[in-house]
Each structure stands twice: as C-alpha cells, then as structure tokens.
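Here is a friendly walk through the two chains in front of you. Keep the structure open in your viewer and follow along, section by section.

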Amino acid sequence: MVKEKYLASLKKSIINLDFNAVVEVAKAAMDAGVDPHIAITDGMVPGMTIVGEKFESGEYFLSELVVAGEVMNEGLKVINPYIKGDSAKRLGKVVIATVEGDNHDLGKNIVTTLLEIHGFEVVDLGKDVPTDKIIDAVKERKPDILGLSALLTVTMPKMGEAIEALKVAGLRKRVKVIIGGSPVTSEFAESVGADHCAVNAAEGVRKCTEWVTPREVR
Amino acid sequence: MAEMTRHERIMTATHKKRADKLPFFHWWRHSQIGWAERECRNRGMGMCWQRPPYIMKMHGVDIAETQVVSPGEVVLRRTYSTPVGSIYLDEKREPGVGQWHALRSWRDVLPWQTERLIKEPEDYKVLKYMVENTEYIPYYFPVEQAMDWLGEDGVVIDELPHSPMQMLMIDWIGSEGGRFFIHHAKYPDLVEDLYRAISKSREPLYEIAAKSPAPITNFGDNIDGVLVNPKLFQKYFMPEYEKMGKVLHEHGKLMAVHMDGRVGVLKDLIAKTPIDIVEALHPPPMGDLPIGEALSLWKDKVVWTGFPGSVYILGPEAVKKHALNLLREIGSGDRLVVEMSTENLVSNENLLMLTSILENADLPLTKEKIDRIEKSLA
C-alpha cells in the first residue's frame, strides 16, 4: 500500500469509529515505514477534524466525538513508540479544569477534544481541581488560556475564586480566562472577571482560536 | 370560587385543567425550614415530597463498606460480593451527608462516585447477577406518611430510580471521560445484555408504583440531550417509557420523568412518549428549550419547570427579571407548575422574591396582570 492509502485508511478508521481498523492500519503503516508524525498529522488528525466538524454541525453527537477520540488513542498507542522527539507545532496552550467540588467533566472533555483537533496543546487538570492546583499549573505551564468548567451552581463561585487567586499571584494579565458549563452565563462571567463565557464547546474553541491568532491573519 | 388549596392547584394544572393561580412549590429535599420558607408557604407556595413506594432486597449478595484512601483522599468503598465475583464503587461524601436529609451535604450536593461499579468487561456479569437477584417489595408507608403529614399543603409523588439505560450511563458505568460511550462502542453486547436484564427486573417495580396511593410516579432520569442523544433516547428510553406508561395509566396514575438538562435535541421524540409530566424542565440559560415553546410543542403534556440555579446565583433582581419573562412567554399559564428549585437550596431573599411574583399570578395570565405584578414590585 502506498503512503497515501495508509493515511486515507487511518482517516477513514477515525471517521467510521473503527477500533479494529485503526490498530491494523497503524501497525501496517509503521511496518511499511510511514513517518509516524505524518501518520498522525495527515492521517488521524484530518479524520478527527471531520468528526469535529460533524459534531459542530449536529450530524455527530457527543457519543461519536468521544468514541472517535478513543479510536484515535488506540491508534496512537501503536504509533507513539515510533516517534522520536516532538516536532508538532501548536496553536497555543490551554490549561483546563473542572473546579473544586464538581465531578462533572463531560463538557470539559468535549472542549479538550475540540481544542486538540484545532491544534492546541491542552493541559487537562481533570475534575474537582482545587484552586491552588490551578494556580500552580498556570505558573508552571505558562498557558495562553485558562479554561474553567462547572456544572453545579454551588461550585460556580470557585471560578471567581480562581480568577481572584490569579490576580493575587500576579498572573491574571498573563492568561485569558474562559469559563463554561450549563449553568454559567455571561452575566456571571462578567461578575467574576472572566474574559469570556463559552456558549457551547464549539463557540468556546472559536474564541480561544481568535485569542491566539494575530489580528492581521484572522 | 373558593381559593384552591396548594394540592388542588398543583393537581388541577397537572390534569391540564385551569387552576385559580399558577401553581408553585418547593421540593422538601431542597427546602430550608425557617421563617422565609414559612412565609412563602403562607403566601401560596406548595410543598412536594418524593418518596419511594418500595424496598429492595438483593439475594445472594454480600455488601461491605469500608473507608479507604483512594487516590490521596478518603472515600467510602462499597463492595458487592456474589457467587460470580465481586465489584466495588468508591464514593466521596461532603460534610453533612447522613447528618441532615436525602443523603445531601450541607451544600446540598449528593455524594459522588469516584469509582464506578463497572470498570472492566468482567464486571458486567457480576452486576447482571445482582440485577437478576434483586427483589422489589411494595412498601407504601413512606408515601402514606408524607400524604398524611402534607395534606392539602402540596403533593406526594412516588420516586423511582433511573430507567435502565440511564442506570448504566450515569450511575453504574458513568459518563466521566465519556466512559459509557466507549463501553457502548467497545462492548455493545455486554451493555445491551445488562440493559435487558435491568429492564426485565424493573417490571415488578412499575406494578408496585402503579398501586401506590400517590397520584404521580416520577422517574428520576436526569435526561440531558448532550449525553442521551436522539439515537440512544429512541432505542433505549422510549420503549421503557412506553412500558412504564402503560402500567401506570392502567391504574389511573400519571407518569413524570425528570428531564433537567438540555433537551432541545430530543423535543420531537419527547412529544411521542406517553410521559404526562416533563418534570424539572429548565429553560435557558441552563436548559435550551424555552418553556413557551415546550408547552406549545407538547400539547398533551404538562411541564413542571425548575427555576434555574444560574439565575438564583445572580440575586433577587435577576430572579424578578427571569420570573416576569417566564410569565410573559407562557400564554394563559395553563399546564405549567413552577418548582422553586430542583438542584440546590435557595436563599431566603430569592425565595421571597419569586414568591412575590408567583403568588399574584392569577390564571388565565394576561399582559395587564403581569404588568400589575411588575408594578407592585417596583
């Protein structure tokens, strides 16, 4: 099989949510000497991009987005051992977390997947993340953007607490802060000093992309 | 005409007839007991009590609870041992759980599972054994007791667990990290086999609920269209609702389903179900389906709407604005009941503000009546 056929098959396996195919094709591609970076960037990522587009247009649901991500992970398990170094160019870096006291991570995970599809490096701190851990991550990982998620109204004040802690640590001007989650509104975002409230995952990712894209190339 | 009691008001609207005023109530489980709650009840707020009409016994299953540190935090581990193997879940509990009511913490948050019962494919057979050896037994005392206590001050409804697939999605497999979707894609036979076993085991439970003295049975399904997409809803939820509805309706009971998420994507399918009450429907900004649209789309159904916590968090002025907007979009106000909260405690200030509006919402609503309410608050 020529290189292009392996890449097309990888892409198709992601779009078709096919666990078996992605592993088989990834193994065959590596055995055939396909560059692992190319296998990812020109094979699997375009597949995920199409899945992301289908999700944003409503053709695919969250279930397909999640499963496509998992199919890609299975393929990456085969390909990653062949990679030497990390030459991937990223659009920007996002630290993301569900705030303390909140165990809901679906929304955060959708955003994470879409951010990665769009070329961001995402540092996912997980769920129920204490404010000091978020601040430490901003200090250490130096992201362009901090994303905070909450589903419970009782945990929403933790978003304000994190933004206040960023100010106290002298980090607020270094990062844009985007918040989201079903109960989170623009009024609330304004009241706690966030830069933006994501209406949904796709809109949030568009805002992040806009923030890291120089005005002249938007 | 004599003023209706809170019970009459809620049930009249729920039977799709015109009440004297827009019914509104507080759930007992979210209600603060105190001066503001008493004042609001004196001014027309009803109370709703949800209680199980059954007890459950698992045969051939040993259950043990221990406290463990996992990972780096204290959790409660519950291990179920059966002849075909053992499974466990880990549960994190906030302060207050077990010290006041309904397993809720002082902040009104339920315990959450940090480890689910199903982790690996081999766990399915253990859970299936548990399901097949679960016996549901009628036990109406909690319902009868609450009905006796509450009288005309509100309504008592039966509480049933999540429907079979929702048990798997948000309880036993869990949705964190998309776990359910991954299991459903990787192990469809195991998921479907367990789903069918749960569905079968629940049949006696529906009969028990149908014979309970409460007028309504509520399935605590927490439906959200982001998680339960239309394909899943159609395949796994609608048939179960059909089954439940048939049994309940044969006994003259109403069926409610707790749908507190974003259900816009499911609205046409919901219209086709035998559900009588779409319970806890949240309008924007939390949900994605305006109440006016829901009422006009589901003409054979009643909506019990949950007042959004994301409005409460902005304070009484935001509550006033949202409540007045709600009144302006619901036409005459028929087929609607307002739940003060379905998820959290409400501050006294917010509760009083919402009551100030709803206590004067005489039906049928008109623009003039709503303008008068607004003026009275100025």
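## Chain A as a whole

Take the contacts in chain A between residues at least 6 apart in sequence: 75% of them join residues at least 24 apart. Please keep in mind, here and below, that this is a predicted model.

Chain A contains 9 helices and 5 strands. Following the sequence, you will meet them in the pattern α-α-α-α-β-α-β-α-β-α-β-α-β-α. The radius of gyration of chain A is 18 Å, close to the 17 Å that the globule rule gives for 218 residues, so chain A is as compact as a globular protein of that length. Along the principal axes, its C-alpha atoms fill a box of roughly 60 × 35 × 35 Å. As for burial, 50% of the 218 residues of chain A count as buried.

## The two domains of chain A

Where do the domains of chain A fall in the sequence? Domain 1 covers 3-82 and domain 2 covers 92-217. Between the C-alpha centres of domain 1 and domain 2 of chain A there are 27 Å. Where these domains touch, domain 1 of chain A contributes 7 residues and domain 2 of chain A contributes 5 residues.

On the domain 1 side of this contact, helix H3 (36-57) and H4 of chain A each supply at least two residues. The largest share there, 4 residues, comes from H3(A). Sorted by class, the domain 1 side has 3 nonpolar, 3 polar and 1 charged residues.

## Where chain A meets chain B

Now bring both chains into view. How many residues of each chain take part in the contact between chain A and chain B? The contact involves 22 residues of chain A and 26 residues of chain B. On the chain A side, helix H4 (62-79), helix H5 (106-117) and helix H8 (186-192) each supply at least two residues. H4(A) gives the most to this side, with 5 residues. H4(A) is thus worth a second look, as H4 of chain A also supplies at least two residues to the domain 1 side of the contact with domain 2 of chain A.

The chain A side of the contact with chain B divides into 13 nonpolar, 6 polar and 3 charged residues.

## The two domains of chain B

Turn next to chain B. Its domain assignment gives domain 1, made of 6-57 + 118-377, and domain 2, made of 60-117. The C-alpha centres of domain 1 and domain 2 of chain B are 25 Å apart. In the contact between them, 17 residues of domain 1 of chain B meet 15 residues of domain 2 of chain B.

Which helix gives the largest share of the domain 1 side in chain B? That is helix H3 (residues 123-132) of chain B, with 6 residues. By class, the domain 1 side comprises 8 nonpolar, 4 polar and 5 charged residues.

## An antiparallel sheet in chain B

In chain B, 4 strands form an open sheet in the order S4-S5-S6-S7, with antiparallel pairing. Strand S4 (62-69) and strand S7 (112-115) of chain B are the edge strands, each pairing on one side only. From one strand to the next, the twist averages 35°.

Within this sheet, strand S5 (residues 74-82) and strand S6 (residues 85-92) of chain B pair in the antiparallel sense over 7 bridges. To find one of these positions on screen, look for Thr82(B), whose bridge partner in S6(B) is Gly85(B). H3(B) lies across S5 and S6 of chain B and runs at about 90° to S6(B).

## Parallel strands around S12 of chain B

Finally, visit strand S12 (residues 277-281) of chain B. Is S12(B) enclosed or open? 5 of the 5 residues of S12(B) are buried, so this strand is largely enclosed by the rest of the structure.

Strand S11 (residues 254-258) of chain B runs parallel to S12(B), and 3 bridges join these strands. S12(B) also pairs in the parallel sense with strand S13 (residues 302-306) of chain B, over 4 bridges. Glu279(B) in S12(B) makes a handy landmark: His258(B) stands opposite Glu279(B), and Glu279(B) stands opposite Trp304(B) in S13(B).

Definitions and conventions: Residues numbered from 1 in each chain as written. Chains lettered and ligands numbered in written order. Predicted model: local features only at pLDDT ≥ 70, side-chain atom pairs only at ≥ 80, totals over all residues. Domains from an automatic or database assignment. Contact = placed C-beta atoms within 7 Å. Nonpolar A, V, L, I, M, F, W, Y, C, P; charged D, E, K, R; others polar. Pairing = 2+ DSSP bridges. Axes fitted to C-alpha atoms, helices over the stretch in contact; angles between N-to-C directions. Rg over C-alpha atoms; globule rule 2.2 N^0.38 Å. Buried ≥ 20, exposed ≤ 12 C-beta atoms within 10 Å, placed from the backbone.
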